[in-house]
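This report describes a predicted model. It goes through salt bridges, a helix, the nonpolar cores and the strand pairing.

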Amino acid sequence: MLSKVKVIKFRIYFIVLLALSIVYVGFLKTSFYQSSAVITIKNLDDSSTATSILGLVSGQSNNTTQDAMTLQEYLKSYEVYDKLDKEFHLSEYYASYDLDILQKMYAFNTYEDYIELYNKHLNIIYDATSNITSISFLHVDSKKAQEIVTFLINEAENKLNEYNKQTAKKQLAFVENETEKQKQVLDTSIEKLGLYQDTQKTLNPNSQAETNTSILSELKGKLVENQAKLEKISKYLTNSSFEVIDLKREISQIENSIKQIRKEQSGSDKQTLNKSIFEFERIKAEVDLNTELYKQALLLLQSSKLDANKDKKTLQVLVNANLAQSYSEPRRIRELVTVVLVLSLLYGILSMIIAIIKDHRE
């Protein structure tokens with residue numbers, strides 16, 4: 001008799017639990033509207049990133065997947081929740097009786113509980129194949145749900161560009177430092193060239209070489225002319241005549257001048273003109289190279305300044321946030337069927353366990 005009473009009580013408990021579950025799911029559970037939007041992330045600076053030296057140095061790439069994952073984690077964060085709370089009073093809403101007694105927040109709930117409930121109502125799905133992201137949000141007010149999704153899209157775009165600007169500013173600081181270093185290298189090479197010119201007492205040894213070559217050519221011509229003249233007058237004048245002696249002296253002076261110029265150009269002296277030209281060209285080439293590198297650094301610096309102040313990302317909205325006309329959650333019929341099946345299965349399992357225990361006792 002006692003055993004039958006226990007079975008009846010067990011059945012009553014099950015029936016009461018089933019009835020309460022059906023009443024909750026069917027009548028008390030809060031109904032939510034869902035607003036959804038579909039977006040894709042576009043990089044406004046594809047071409048410049050591909051060709052930019054800065055992009056190669058910094059490892060910058062158009063990683064849409066990384067941007068999408070960053071967006072997803074950011075939208076789920078406490079920072080975004082705080083902004084939504086300030087704009088739409090989410091904390092007040094979650095603690096109100098707009099939600100049923102099992103879903104609403106109470107005084108004992110923590111800040112983390114609010115974040116968890118917010119993330120439960122937020123749904124973000126990213127498709128890596130198409131680079132498309134779907135953002136949806138549940139709210140008891142369909143208009144509020146639509147406004148929140150729109151707010152999230154704008155907030156995500158602003159944050160992505162903020163991240164990019166922070167990165168660009170760090171790169172700008174690096175480029176400014178490298179440009180200053182390059183300017184110092186250029187100044188040093190210019191000072192070195194000036195010191196060499198002062199030491200050699202010439203602006204350009206090449207000019208001196210060209211001048212010497214021209215003089216040497218004139219002297220050779222003069223030498224040939226005088227030698228021919230000497231040979232001519234020697235036929236009718238003696239070697240002791242004034243004209244012959246004077247002409248020989250002039251020829252000797254010309255030959256000495258030619259020897260001196262040739263010695264300056266290719267002699268064994270360490271300070272020969274050829275060596276001076278080589279050293280000058282080496283220093284000048286260093287100045288020219290540093291000048292070109294400094295020009296490139298200035299161009300890169302200007303490009304970096306532009307990058308640090310412009311938006312590079314945009315969230316292209318493929319489908320705008322909709323204004324829901326009917327409830328999306330809960331799906332009452334499906335949940336009612338699930339509740340009945342689960343509780344029935346549980347009842348069957350417990351009944352079997354009780355029967356087995358009873359048989360063992362007997």
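## Salt bridges along helices

Helix α8 holds both D187 and K183, which sit four residues apart, or about one turn of the helix. These two residues form a salt bridge, with 3.3 Å between the closest N and O atoms. D187 has a relative accessibility of 30%, so it counts as partly exposed. K183 is also partly exposed, because its relative accessibility is 32%, and the partly exposed class runs between 20% and 50%.

Another pair in α8 is E178 and K181, whose side chains meet in a salt bridge at 3.7 Å from N to O. The two residues are three apart in the helix, which means a separation of about one helical turn. E178 is partly exposed, with a relative accessible area of 33%, and K181 is partly exposed at 43% relative accessibility.

## A pair in α11 and a network

Helix α11 covers residues 273-307 and contains D288 and K284, four residues apart and about one turn of the helix from each other. Their side chains meet in a salt bridge of 3.4 Å, N to O. With a relative accessible area of 41%, D288 is partly exposed; K284, at 33% relative accessibility, counts as partly exposed.

Salt bridges with shared partners also join E79, K83, E155, K159 and E162 into one network. The count of salt bridges in the model comes to nine.

## Helix α4

Helix α4 has twelve residues, and at 1.5 Å a residue it should span 16 Å; the C-alpha atoms at its ends are 16 Å apart, so the two values agree. Which residues of α4 are buried? They are D67, A68, L71, Q72, Y74 and L75. These residues lie on the same side of α4, because the arc they cover around the axis is only 165°.

## The nonpolar cores

The largest nonpolar core consists of 36 residues, and L71, L75, L84, Y94, Y118 and L152 have the most contacts inside it. Two or more residues of this core come from each of the helices α4 (64-75), α5 (78-88), α6 (90-94), α7 (111-121) and α8 (142-200), and from each of the strands β1 (33-43), β2 (122-127) and β3 (132-139). The most is given by α8, which contributes seven residues.

L71 belongs both to the buried residues of α4 and to the residues with the most contacts inside the core. What does L71 contact once its neighbours within four places in sequence are left aside? Its contacts are I39, I41, I135, A156, L160 and L315. Apart from the largest core lies another one of nine residues, including V244, L247, I251 and I258.

## Strand pairing around β1

Strand β1 is joined to β3 by eight bridges, and the two strands run antiparallel. One of the paired positions is Y33, whose bridge partner in β3 is H139.

Strand β1 also pairs with β4, which covers residues 313-319; six bridges join the two, and they run antiparallel. Here I41 has L315 as its bridge partner in β4. Both I41 and L315 are also among the residues in contact with L71.

Definitions and conventions:
Residues numbered from 1 in each chain as written. Predicted model: local features only at pLDDT ≥ 70, side-chain atom pairs only at ≥ 80, totals over all residues. Heavy atoms only, no water. Core = buried A, V, L, I, M, F, W, Y, C linked by side-chain atoms within 4.5 Å. Buried < 20%, exposed > 50% of the residue type's maximum accessible area, 1.4 Å probe, protein only. Contact = heavy atoms within 4.5 Å. Expected span 1.5 Å × (residues − 1). Arc of directions from axis to C-beta. Salt bridge = Lys/Arg side-chain N within 4 Å of Asp/Glu carboxyl O. Pairing = 2+ DSSP bridges.
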